[in-house]
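Colleague: I'm new to this one and would like a close look at a single part. Could you walk me through the salt bridges and then what lies around them?

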Amino acid sequence: MNRHSFDSRVKGVSLGTTILAVKFAGGVIIGSDSRASMGGSYVSSKVINKLVQVHDRIFCCMSGSLADAQAITRAAKFQLAFHSIQMDEPPLVMAAASIMQELCYQHKEELSAGFITAGWDRKKGPQVYSVSMGGMLVSQPFTIGGSGSTYIYGYADAKYKPGMTREECQTFAVNALALAMGRDNVSGGVAHLAIISEKGEDMKEDADRALSQSRCVMGNSKAKE
Amino acid sequence: MALSCVLEPALSGFNFENSTRNIVLENGSEEGKIKAPKPMKTGTTIAGVVYKDGVVLGADTRATSDEVVADKMCAKIHYIAPNIYCCGAGTAADTEKTTEILSSNLTIFSMNSGRNPRVVMAVNILQDMLFRYRGMIGAHLILGGVDCTGSHLYTVGPYGSMDKVPYLAMGSGNLPAMGILEDRFKANMDLEEAKSLVSDAIHAGIMSDLGSGNNIDLCVITKEGVDYIRPHKESPFNYKRQAKYKYKPGTTPVLTKTVTQVELELLDETVQMMETAGSS
């Protein structure tokens, strides 16, 4: 798990951030805050999008250096699309996570970005993978990352129960993000959530259906119990 | 696969060749071996706003070289494509050249593919290039344009980060300009409102930042075309030369005239025949 994104060492715009992903039966919820900072004291964007759709049913959320993270996700998107065309079927979430991991590991000296990859595929259903800055790839039922995650490890460990429903997972994600944004100076803005599941019988239908909901929760709404 | 552009096809993954070169250069210049020339910075205020029918971009016109104003009427809004313009802050040479390269590539692309370039394509090309150079190209850019998918405003940072936003200010004067934009920006403004908002934002930058000044340029881009207003507002402090500084020949009197013969000695004479093969 990403413990710290070293903001002072990241040159340029940094995503000191809180990101998380939770698996439930039938899908995953992936979420992030929306703040981009420069030098730890200037908020360069209050509404930056850290949730990137790398394929129809696979999302990534970024942390670390914005330039590096965006470059990695663009390269991953390209490689994943190519892989999907070659295989002639939607890619596995594991494939997406592996591509990100390869890029992070091969260039670990020059890059500083960490990710959470989550999505749904036909083989294993909903999955959450954490790709750390150095290139470690770990699959977990839920994961938190970014600089703000240090403040919610206790909350996440206490509140997470395996087998939660979708609504419970949503509340868990929103509350966790709100608490982290409340304590971490480089996380803030609004909470972006993406809920990915298998929707519709025909796999070849418009993939937007799989993304059943994308919600935006105001940063000053209180965490509900 | 066939790509309709002239950029070299990217090898998969990243290319960090320039990282080693940069380290060598940086270490060299510390020991005084390679003295990097002081680049002319634009020390700028640039801003952009998306309004109802398109995009309004604005910029000041001062280019500084340390404390001296090197150019009072510098053009910071660069042409990229007929429907895309780019404001540049940072190192003047970098923003100029980067935008020129981008513009040539997009022109060739649109000739090859028969399509008008999209703003998002320009952003992608810029991101690739700036990321490859690891922040060594000091170009902070605001790209604005109108294409078949709508009106767009993007910012691209020198390290290769990008963000898509409805309003934006960059450069050393971006903090005061951002204050004006945050206060008065509304979605779907009309043209006059948008122009006055951008103009006021640049004006705030000029007033509160030493590196920005002189005139304000505006560029309005819509589906119908582009209106490049240069200057939109002239500085009231423009210094007008009070007198002519050209002197007539003969203004300076000649007091004495001395002619010295230079003795040249012919040392050697060689003749070389030229191979002028005339027609037979």
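Colleague: Let's start with Arg230(B): is Arg230(B) buried, partly exposed or exposed, and what is its relative accessible area?

Modeller: Happy to, and keep in mind that this is a predicted model. Arg230(B) comes out as partly exposed, because its relative accessible area is 34%, in between the 20% and 50% cut-offs. It forms a salt bridge with Asp217(B), and the closest N and O atoms sit 2.8 Å apart. That pair ties distant parts of the chain together: Arg230(B) belongs to strand 12 of chain B and Asp217(B) to strand 11 (residues 216–222), 13 residues apart. The partner is another story, since Asp217(B) counts as buried, at 0% relative accessibility.

Across all chains, the structure holds 9 salt bridges, so let me take you through two others.

Lys76(B) pairs with Asp60(B), with 3.0 Å between the closest N and O atoms. Here too, distant parts of the chain are linked: Lys76(B) is in the loop between strand 4 (68–71) and strand 5 (77–81) of chain B, while Asp60(B) is in strand 2 (residues 54–60), 16 residues away. Lys76(B) and Asp60(B) are both buried.

Then there's Asp128(B), which forms a salt bridge with Arg74(A), the closest N and O atoms being 2.7 Å apart. This pair crosses between chains, running from helix 3 (residues 119–132) of chain B, home of Asp128(B), to helix 1 of chain A, home of Arg74(A). Asp128(B) is partly exposed, with a relative accessible area of 44%, and Arg74(A) is partly exposed as well, at 25%.

Now for the chain that holds Arg230(B). Chain B has 5 helices and 12 strands, and 42% of its 280 residues count as buried. Among its contacts with a separation of 6 or more, 62% are between residues 24 or more positions apart. Its accessible surface comes to about 17,300 Å², with 55% of that belonging to carbon and sulfur atoms. Following the chain past Arg230(B), you reach Tyr247(B) in the segment after strand 12 (226–233). Tyr247(B) is exposed, with a relative accessible area of 64%, and together with Tyr239(B) and Tyr245(B) it makes a nonpolar surface patch of about 450 Å².

Back over the chain crossing, in chain A, helix 1 also carries Ser84(A). Ser84(A) is buried, at 11% relative accessibility, and, leaving aside residues up to four places away in sequence, it touches His55(A), Glu89(A), Pro90(A) and Pro91(A).

The largest nonpolar core has 32 residues, and those with the most contacts inside it are Val54(A), Met62(A), Ile72(A), Leu80(A), Met100(A) and Phe115(A). Helix 1 (66–87) is one of the chain A elements that each supply at least two residues of this core, and others include helix 2 (93–106) and strand 8 (113–121). Another core, of 23 residues, lies apart from it, with Tyr153(A), Ala156(A), Met164(A) and Ala191(A) among its members. In soluble globular proteins, nonpolar side chains tend to be buried together.

One last thing, about confidence. Chain A averages a pLDDT of 84, and 84% of the residues score at least 70. Over residues 1–8 of chain A, though, the pLDDT is below 50, and that stretch has 31 contacts in the model beyond near neighbours in sequence. Residues 200–213 of chain A also stay under 50, with 26 contacts beyond four places in sequence.

Note on methods
Residues numbered from 1 in each chain as written. Chains lettered and ligands numbered in written order. Predicted model: local features only at pLDDT ≥ 70, side-chain atom pairs only at ≥ 80, totals over all residues. Heavy atoms only, no water. Core = buried A, V, L, I, M, F, W, Y, C linked by side-chain atoms within 4.5 Å. Buried < 20%, exposed > 50% of the residue type's maximum accessible area, 1.4 Å probe, protein only. Helix = DSSP H or I, 4+ residues; strand = E, 2+ residues; numbered from the N terminus. Patch = residues over 30% accessible without salt bridge, like charges linked within 9 Å, V, L, I, M, F, W, Y side chains within 5 Å. Areas by Shrake-Rupley, 256 points an atom, 1.4 Å probe, with all protein chains shown as cover. Salt bridge = Lys/Arg side-chain N within 4 Å of Asp/Glu carboxyl O. pLDDT = per-residue confidence, 0-100. Contact = heavy atoms within 4.5 Å.
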